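Visitor: I would like a close look at one strand and its surroundings. Please take it slowly and explain the terms as they come up.

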Amino acid sequence: MQRWANGLSLLALSRFGISAALELFAPASQREALLRAASQLKKLPLSEEEYQWVHVLAEGWAAPLDGFMTEKQFLQSLHYEHLLVDGAFVPMPVPIVKACTKEQKAEIEGAQQIALTAPDGTIVATMSQPEVFEHI
């Protein structure tokens with residue numbers, strides 16, 4: 001689950017049998033404290049493209065994803081152009097992943113939480129229990 005540093009909450013796609021709301025934005029009352037806490041975490045920079053994916057994810061355009069894809073989701077998207085969610089196939093033809101270098105991988109692997117930074121260096125999100133895997 002990822003929390004975004006600014007904004008709203010969004011609804012998942014009920015037409016695919018997903019009825020729970022995906023809370024991707026931090027509540028306004030908690031943002032300052034969350035940003036302070038995130039400033040103490042290991043940071044992973046986002047490329048401009050990845051930063052745009054954060055925007056897409058946060059607004060729910062990639063629902064039911066609640067963050068960058070796990071390895072299982074990546075493989076489903078790559079091979080089947082769908083995700084299997086609660087027994088239903090959800091169209092997801094474009095993998096949405098966060099890349100990192102070997103050095104960054106070594107630094108964040110095993111971390112419980114990391115901060116994601118925009119190209120200008122500002123913290124825009126946190127990622128809980130990041131899953132690091134090899135991808136394209």
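Visitor: Which residues of strand β5 lie on its covered face, and which lie on its uncovered one?

Guide: The covered face of β5 holds L83 and V85, while the uncovered face holds H82 and L84. Before going further, a note on the source: this is a predicted model, in which local features need pLDDT of at least 70, side-chain atom pairs count only at pLDDT 80 or more, and totals for chains, interfaces and linings use all residues. Residues are numbered from 1 along each chain as its sequence is written, and side-chain values use heavy atoms, with hydrogens and water left out.

Back to the strand. The two faces of β5 take turns along the chain, with H82 and L84 on one side and L83 and V85 on the other. In a regular strand, side chains alternate between the two faces of the sheet.

β5 does not stand alone. Strand β5 (residues 82-85) runs antiparallel to strand β6 (residues 88-91), and four bridges join them; two strands count as paired if DSSP finds at least two bridges between them. Strands here are DSSP runs of E with at least two residues, and helices are runs of H or I with at least four, numbered from the N terminus. Each face of β5 has a residue with a partner that can be named. From the uncovered face, L84 stands opposite F89 in β6. From the covered face, V85 has A88 as its bridge partner in β6.

Together, β5 and β6 form a hairpin with two residues between them. One residue in that turn is D86, which lies in the loop between β5 and β6. The phi of D86 is near 50 degrees, a positive value in a residue that is not glycine. Most residues other than glycine have a negative phi, and most peptide bonds are trans. D86 counts as exposed because its relative accessibility is 74%; exposed means over 50% relative accessible area, buried means under 20%, and partly exposed is in between (1.4 Å probe, protein chains only).

D86 has a counterpart elsewhere. Q129, in the segment after β8, is also not a glycine and has a positive phi of about 45 degrees. At 56% relative accessibility, Q129 counts as exposed. A further backbone detail sits in the loop between α2 and α3, where P64 is found. The peptide bond from A63 to P64 is cis, with omega near 20 degrees.

Now for the rest of the chain. The protein chain has four helices and eight strands. From the N terminus on, these run β-β-β-α-β-α-α-β-β-α-β-β. Of the 136 residues in the protein chain, 37% are buried. A contact means heavy atoms within 4.5 Å. Among the contacts with a separation of 6 or more, 57% are between residues 24 or more positions apart.

Some particular residues show such links. The count of aromatic pairs comes to one; rings of Phe, Tyr and Trp (its six-membered ring) pair if their centres lie within 6.5 Å, and planes under 30 degrees apart count as stacked, over 60 as edge-to-face and the rest as tilted. The rings of F74 and F133 have centres 5.8 Å apart and planes at 40 degrees, so the pair is tilted. F74 lies in helix α3 (residues 71-80) and F133 in the segment after β8 (123-128), so the pair ties together parts that are 59 residues apart in sequence. F74 is buried because its relative accessible area is 5%, and F133 is buried because its own is 13%.

E50 can be described in a similar way. E50 lies in helix α2 (residues 48-58) and counts as buried because its relative accessibility is 9%. Leaving aside neighbours within four places in sequence, E50 is in contact with P45, F68, V97, K98 and A99.

The last stop is M127, in strand β8. M127 is buried, with a relative accessible area of 10%. From C-alpha to C-alpha, M127 and A38 are 9.8 Å apart in space, although 89 residues separate them in sequence.

To return to the request: in β5, L83 and V85 are on the covered face, and H82 and L84 are on the uncovered one.
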